[in-house]
Amino acid sequence: MGLQQEFKTLFIEHEKCNGCRICELRCSFAHERLFSPELARIHVVKWEIDAIDVPVACRQCVDAPCMAVCPTEAISRHPETNAIIVDEEKCIGCKMCVIACPFGAMQMHPVTNKAITCDLCGGDPQCVKYCPENAIHYMTPSEYVAYRRKEKTKKLVGKKEKRSPIPQA
């Protein structure tokens, strides 16, 4: 049995998010040609008590609950990116996918009343390109693990005093 192919997805470092919501604006413009956060497929959730902002987007679940509950099979995967996609023609607006999503990433379009979610912009996520804090990444899980490992190592090394590997007399 071989290894399963890894597909790129969004990874979000919420601790880097400054709450600017540029990701929402770029997303809505890419999909709707309007700068309107309510039309975005990514949303910044503000936690006022903790003073943090958390971007929320589809996690592209392997066993996607939204896809499993759709009565019309309107939810499928893009053949090249493996992103969750919604066929607007098949969607009946029943909201079962919204209820099933454990992350609150599936939503209803406010005008068409059809389900919408992050489709990774066909493999060129605009939120990643325009995030000024580099808080959103588009990479495979293996690439993200390597990235985080490197970032954490940089922090550890930065905290230690620099010593020469040659003992001083």
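# A guided tour of the predicted chain

Begin with the whole chain in cartoon view, where five helices and eight strands can be picked out; this is a predicted model, and everything below should be read as a description of that prediction. Following the cartoon from the N terminus, the elements come in the order β-α-β-β-α-β-β-α-β-β-α-β-α. The chain is more spread out than a compact globule, because its radius of gyration is 19 Å, well over the 15 Å that the globule rule gives for 169 residues. If you orient the view along the principal axes, the C-alpha trace spans about 80 × 45 × 30 Å.

Staying with the whole chain, switch to a surface representation. About 11100 Å² is exposed, and carbon and sulfur atoms supply 56% of that area, while 33% of the 169 residues count as buried. Colouring by charge brings up 23 positive and 21 negative charges, whose mean positions lie 8 Å apart. As for how the chain meets itself, among contacts between residues at least 6 apart in sequence, 53% join residues at least 24 apart.

Next, select the cysteines and show their sulfur atoms. How many disulfides does a search of the whole structure find? The search returns zero. Centre on C23, which is buried at 7% relative accessibility, and look for the closest cysteine sulfur, which belongs to C17; at 6.3 Å from the sulfur of C23, it is too far for a bond. Then move to C70, also a buried residue, with a relative accessible area of 15%. The closest cysteine sulfur to that of C70 is in C94, and here the separation is 6.1 Å, again too far for a bond. Both separations can be set against the cut-off used here, which requires the two sulfur atoms to be within 2.5 Å.

Now select A51, in the loop that runs between strand 2 (43–47) and strand 3 (52–56). A51 is not a glycine, yet its phi is positive, at about 55°, and with 67% relative accessibility A51 counts as exposed. A second stop of this kind is K95, in the loop between strand 5 (84–86) and helix 3 (96–100). The phi of K95 is near 75°, a positive value in a residue other than glycine, and K95 is partly exposed, its relative accessible area being 36%.

Continue along the chain to helix 4 (residues 126–130), where V128 is found. Is V128 buried, partly exposed or exposed? With a relative accessible area of 22%, V128 is partly exposed. Display its contacts, leaving aside neighbours within four places in sequence, and you will see L10, I136, H137 and Y138. To place V128 relative to another part of the chain, draw a distance to M106, which is 22 residues away along the chain; the C-alpha atoms of the two residues are separated by 19 Å.

Finish at T140, which sits in the loop between strand 8 (136–139) and helix 5 (141–159). T140 is buried, with a relative accessible area of 12%. Which residues is T140 in contact with, once neighbours within four places in sequence are left aside? Showing side chains around T140 brings up E6, F7, K8 and F11 as its contacts.

Key. Residues are numbered from 1 along each chain as its sequence is written. This is a predicted model: local features need pLDDT of at least 70, side-chain atom pairs count only at pLDDT 80 or more; totals for chains, interfaces and linings use all residues. Side-chain values use heavy atoms; hydrogens and water are left out. Buried means under 20% relative accessible area, exposed over 50%, partly exposed in between (1.4 Å probe, protein chains only). Helices (H or I, at least four residues) and strands (E, at least two) are DSSP runs, numbered from the N terminus. The radius of gyration is taken over C-alpha atoms; the globule rule is 2.2 Å times the number of residues to the power 0.38. Contact means heavy atoms within 4.5 Å. Accessible areas come from the Shrake-Rupley method with a 1.4 Å probe; for residues, only the protein chains shown count as cover. Lys and Arg count as positive and Asp and Glu as negative; His and the chain ends are not counted. The place of a charge is taken as NZ of Lys, CZ of Arg, CG of Asp or CD of Glu.
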